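The following paragraphs lead through a protein model, from its overall fold to its cores and to selected residues. Please keep the sequence and the coordinates at hand while reading.

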Amino acid sequence: MPVRRFPYELFWDRFAKLYSPVQEKSNVKLYDDVSVFISKHLCKNDKVLEIACGTGQITKRCCGSAGEWEATDFSEKMIEGAGKVCRAENVRFSIADAHSLPYDDSSFDTVVIANALHIMHEPQKVMCEINRVMNNDGLLIAPTFVNDGAESTKRIVKLALMQSMGFKTFSKWTSVQYREFVEKNGFIVTEQKTFGDKFLPECVLVCKKGG
């Protein structure tokens, strides 16, 4: 099934070359801290699906803690960048639409989706697909930027610039709202932790399937 393309998604193809160096420069500690937290929840024999891997910032930091790692993104340019950043033998990169994943039911022990649900136009469908491809006793690990912190001029200007280039945020959750969204869509939150500073907090949820 072909990956659907929407105008705002083209932003990520255009931004791919800048994404990795920008993220590494501005958010390296955040990525390091979140990745350490994710890795603690992985096992060496886990088969992991990463949705919206971008240019592989989480992939390269966490893949060594798992057995197999399937890293996906809808942007071909992002996947190209990720392949250059991470060359681990247990990682496979592929283009996939998170709203309609090309995998069988119960294919993965763990699903990681970082910094993506809030910029997806139909996050409920994504959650349904995650539930489908994840084992009954598997884990969902879902870090996402939330709107708990005070707005700063720098953040407002940066967001406005990205929006002028085609970036779009569909869900502006607080950490409370984000947890409620996840729990309403078939999961039970077993652990919650916030990383980052007051201007750019990132809420990480560790979840299992609901009953």
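Helices are DSSP runs of H or I with at least four residues, and they are numbered from the N terminus. In this predicted model, helix 6 is followed by glycine 186, whose phi is positive, near 95 degrees. Before helix 6 is taken up in detail, the chain as a whole deserves a description.

The secondary structure of the protein chain amounts to six helices and seven strands. Along the sequence these elements are arranged in the pattern α-β-α-β-α-β-β-α-β-α-α-β-β. The protein chain has 211 residues, of which 49% count as buried. Its exposed surface comes to about 10400 Å², and carbon and sulfur atoms supply 54% of that area. Among contacts in the protein chain with a separation of 6 or more, 66% are accounted for by residues 24 or more positions apart.

Helix 6 spans residues 175-184, and its buried residues are Ser175, Tyr178, Phe181 and Val182. Seen down the axis of helix 6, these buried residues fall within an arc of 120 degrees, so they line one face of the helix. Val176 and Lys184, on the other side of helix 6, are exposed. What covers the buried residues of helix 6? The cover includes helix 4 together with strand 5 (134-145), strand 6 (187-195) and strand 7 (202-209).

Attention now turns to the nonpolar interior. The largest nonpolar core has 28 residues, and the members that touch the most others are Ile51, Ile113, Ile130, Leu140, Tyr178 and Val182. Two or more residues of this core come from each of strand 1, strand 4, helix 4, strand 5, helix 6, strand 6 and strand 7. Helix 4 gives the most to the core, with four residues. Apart from this core lies another, of 25 residues, which has Val48, Cys53, Cys86 and Val206 among its members. Tyr178 and Val182 are buried residues of helix 6, and they also appear in the list of residues that touch the most other members of the largest core.

Isoleucine 51 illustrates the surroundings of one such residue. Leaving out residues up to four places away in sequence, isoleucine 51 touches Thr72, Ala98, Leu101, Val111, Val112, Ile113, Ala114, Met120 and Ile130. Two of these partners, Ile113 and Ile130, are named beside Ile51 among the residues with the most contacts to other members of the largest core.

How many disulfides does the structure hold? The number is zero. For cysteine 53, the closest cysteine sulfur is in cysteine 86, and the two are not bonded because the separation of 9.3 Å is too far for a bond. Cysteine 53 is buried, with a relative accessible area of 6%. Cysteine 207 is likewise in no disulfide, since the nearest cysteine sulfur, that of cysteine 203, is 9.2 Å away, whereas a disulfide requires sulfur atoms within 2.5 Å. Cysteine 207 is buried, with a relative accessible area of 0%.

Three further residues show how polar and charged side chains are placed. Lysine 47 is found in strand 1 (residues 47-51). Is lysine 47 buried or exposed, or does it lie in between? Lysine 47 counts as partly exposed because its relative accessibility is 31%, which falls between the limits of 20% and 50%. Apart from its neighbours within four places in sequence, lysine 47 is in contact with Glu68, Ser107, Phe108, Asp109 and Thr110. The C-alpha atoms of lysine 47 and methionine 134 are 9.9 Å apart, although the two residues are 87 residues apart in sequence.

Glutamate 70 is found in strand 2 (residues 68-73). Glutamate 70 is buried, with a relative accessible area of 10%. Its side chain is joined to that of serine 94 by a polar contact of 3.1 Å. When residues up to four places away in sequence are not counted, glutamate 70 touches Val48, Leu49, Glu50, Arg92, Ser94, Tyr103 and Phe108. Phe108 is thus a contact of glutamate 70 and is also one of the contacts of lysine 47.

Histidine 121 is found in the loop between strand 4 (108-113) and helix 4 (123-133). At 22% relative accessibility, histidine 121 counts as partly exposed. The side chain of histidine 121 makes a polar contact of 3.3 Å with the side chain of glutamate 122. Histidine 121 and serine 171 are 50 residues apart along the chain, and their C-alpha atoms are separated by 8.4 Å.

Key
Residues are numbered from 1 along each chain as its sequence is written. This is a predicted model: local features need pLDDT of at least 70, side-chain atom pairs count only at pLDDT 80 or more; totals for chains, interfaces and linings use all residues. Side-chain values use heavy atoms; hydrogens and water are left out. Buried means under 20% relative accessible area, exposed over 50%, partly exposed in between (1.4 Å probe, protein chains only). A polar contact is a pair of N or O atoms within 3.5 Å; within protein, one must be able to donate a hydrogen and the other to accept it, and residues adjacent in sequence count only if both atoms are side-chain atoms. Contact means heavy atoms within 4.5 Å. Accessible areas come from the Shrake-Rupley method with a 1.4 Å probe; for residues, only the protein chains shown count as cover. The arc is that of the directions from the helix axis to the C-beta atoms. A nonpolar core is a set of buried Ala, Val, Leu, Ile, Met, Phe, Trp, Tyr and Cys residues joined through side-chain atoms within 4.5 Å.
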